[in-house]
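Here is a note for a colleague who is meeting this structure for the first time. The points begin with the surroundings of a ligand and then move outward to the sheet, the core and a few single residues.

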Amino acid sequence: MLTAKMVKDCAVKGGADICGIASIERFKDGPPETHPLALFPDAKSVIVYASRILKGSYKGIQEGTDWSTYWIYGYGSGLYSSLGCATDAISNLLEDHGYEAVASPGGHTLLDEAPPARAPLGKGRQPPCIMLHMRVAAALAGLGEPGWSKVFLTPEFGPRQRFDILLTDAELEPDPLLKEPICDKCQACVRKCPGHALGGTREAVEVEGRTFEWGAVDCGKCKVTHWGLNPKASPFVQKDLPGMQMDIKKVTYKWYEAFRLGFALSDRIEYLKLIANGTAEHGQGGRPGSVCGAVGCVQACNAHLEAKKKLKGGVKG
Ligand code: SF4
Ligand code: SF4
């Protein structure tokens, strides 16, 4: 008989670092456009698993010597191939036991900026514009909590991991929700974010008596900074486009606008073009890179949680 332990062991053997399981009931108050049942109406369990972002991938940006390492190793390359291997391993295990496995990459910032959901296809059907809420799913699977930065924090790696989700019709024992908060609202993420993107209005969800809360993120300010178009976070704009002025506090881009601006300008700014070309070779489609290096939301938070000795570190074994 298939058990939750078999699934979680399989995830870790397959390449993930951590894995948790949520029952579908925990999503009962979620909006239909992010609800797992909108994607897989027979789902009974939601399996969420993550691979760590190596601390060393930030080193080049910290030292001011290499801006491509984080984009290549903190986003693509080994990290997503580990997650992909875990997805295959768990899916195969589920199918071998007669269950269905529906993978979803979930949503990150795009959920906040996606076009409005279109009309349902028929009576009782959900609208077709569906994006699972990765951070909420990870919280409901007991893996941790969104920090005040809205970046997901786990007791193992703090803010340093990326997730995938599998929906299944197998009924698996859910993990308990994380009880002790990790985030102490120190505000280091807010202070260090060069995009002035963090710490907005409080947003929250409550599940089984546990409240998960975070400050709203200005996704346009973040994206334009993340792409390296905010001179405060990037030496390359000043070098190639010295006349370009950007007062990030006044920027009102929507996420998608900032996203497309990154593609338009990365071809114009030499170093950003170099990163984009470099990532093409690593299977990331020649996209502009993360020049900000998540200096506030990940790096400052990680330093804070390490100093407070709140992280358990690697758990693979
Ligand atoms: S730095 Fe981390 S622990 Fe501090 S408020 Fe931000 S998310 Fe919370
Ligand atoms: S990626 Fe950079 S700009 Fe975006 S929230 Fe993190 S620190 Fe701020």
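1. Around ligand 2 there are 13 residues, and the closest are Cys 193, Gly 195, Cys 222, Gly 296 and Cys 297; a residue is near a molecule if its C-beta atom, placed from the backbone, lies within 6 Å of it. Helix H9 (219–226) and H13 are the elements that give two or more residues to this shell, where helices (H or I, at least four residues) and strands (E, at least two) are DSSP runs, numbered from the N terminus. The shell around ligand 2 divides into nine nonpolar, four polar and no charged residues, with Ala, Val, Leu, Ile, Met, Phe, Trp, Tyr, Cys and Pro counted as nonpolar, Asp, Glu, Lys and Arg as charged, and the others, Gly among them, as polar.

2. Please keep in mind that this is a predicted model, in which local features need pLDDT of at least 70 and side-chain atom pairs count only at pLDDT 80 or more, while totals for chains, interfaces and linings use all residues. Residues are numbered from 1 along each chain as its sequence is written, and chains are lettered from A and ligands numbered from 1 in the order in which they are written.

3. Ligand 1 is also surrounded by 13 residues, the closest being Gly 147, Cys 183, Cys 186, Cys 189 and Cys 301. Two or more residues of this shell come from each of helix H8 (188–192) and helix H13 (295–307), and H13 gives the most, with three residues. By type, the shell around ligand 1 holds seven nonpolar, four polar and two charged residues.

4. Taken as a whole, the protein has 13 helices and eight strands. Of its 317 residues, 47% count as buried; a residue is buried if 20 or more other C-beta atoms lie within 10 Å of its own, exposed if 12 or fewer, and partly exposed in between, with C-beta atoms placed from the backbone. Among the contacts with a separation of 6 or more, 73% are between residues 24 or more positions apart, two residues being in contact if their C-beta atoms, placed from the backbone, lie within 7 Å.

5. How are the strands of the open sheet of four ordered? The order is E1-E2-E6-E3, with antiparallel pairing, and two strands pair if DSSP finds at least two bridges between them. Strand E1 (18–23) and strand E3 (101–104) stand at the edges, each with a single partner strand, so one side of each has no neighbour in the sheet. From one strand to the next the twist averages 25 degrees, where axes are lines fitted to C-alpha atoms, for helices over the stretch in contact, and angles run from 0 to 180 degrees between N-to-C directions.

6. E1 and strand E2 (residues 45–52) are paired in the antiparallel sense over six bridges, and Gly 20 has Val 48 in E2 as its bridge partner. Helix H1 (residues 4–14) packs on the sheet and touches E1 and E2, with a direction that makes about 145 degrees with that of E1.

7. Val 48 belongs to the residues with the most contacts inside the largest nonpolar core, which has 85 residues; such a core is a set of buried Ala, Val, Leu, Ile, Met, Phe, Trp, Tyr and Cys residues joined through C-beta atoms within 7 Å. Leaving aside neighbours within four places in sequence, the contacts of Val 48 include Gly 20, Ala 22, Ala 137 and Phe 163.

8. Gly 14, placed in helix H1, is buried, with 21 other C-beta atoms within 10 Å. Although Gly 14 and Ile 90 are 76 residues apart along the chain, their C-alpha atoms are separated by 7.7 Å.

9. Two glutamates in loops may be read side by side. Glu 33, in the loop between E1 and helix H2 (36–39), counts as buried with 20 C-beta neighbours inside 10 Å, whereas Glu 100, in the loop between H5 and E3, counts as partly exposed with 15. Glu 100 is in contact with Thr 168 and Asp 169, leaving aside its neighbours within four places in sequence.

10. Finally, there is a hairpin to look at: strand E7 (residues 202–207) and strand E8 (residues 210–215) run antiparallel and are joined by six bridges. Arg 202 stands opposite Gly 215 in E8, and Glu 208 takes a positive phi near 45 degrees in this hairpin, which has two residues between the strands.
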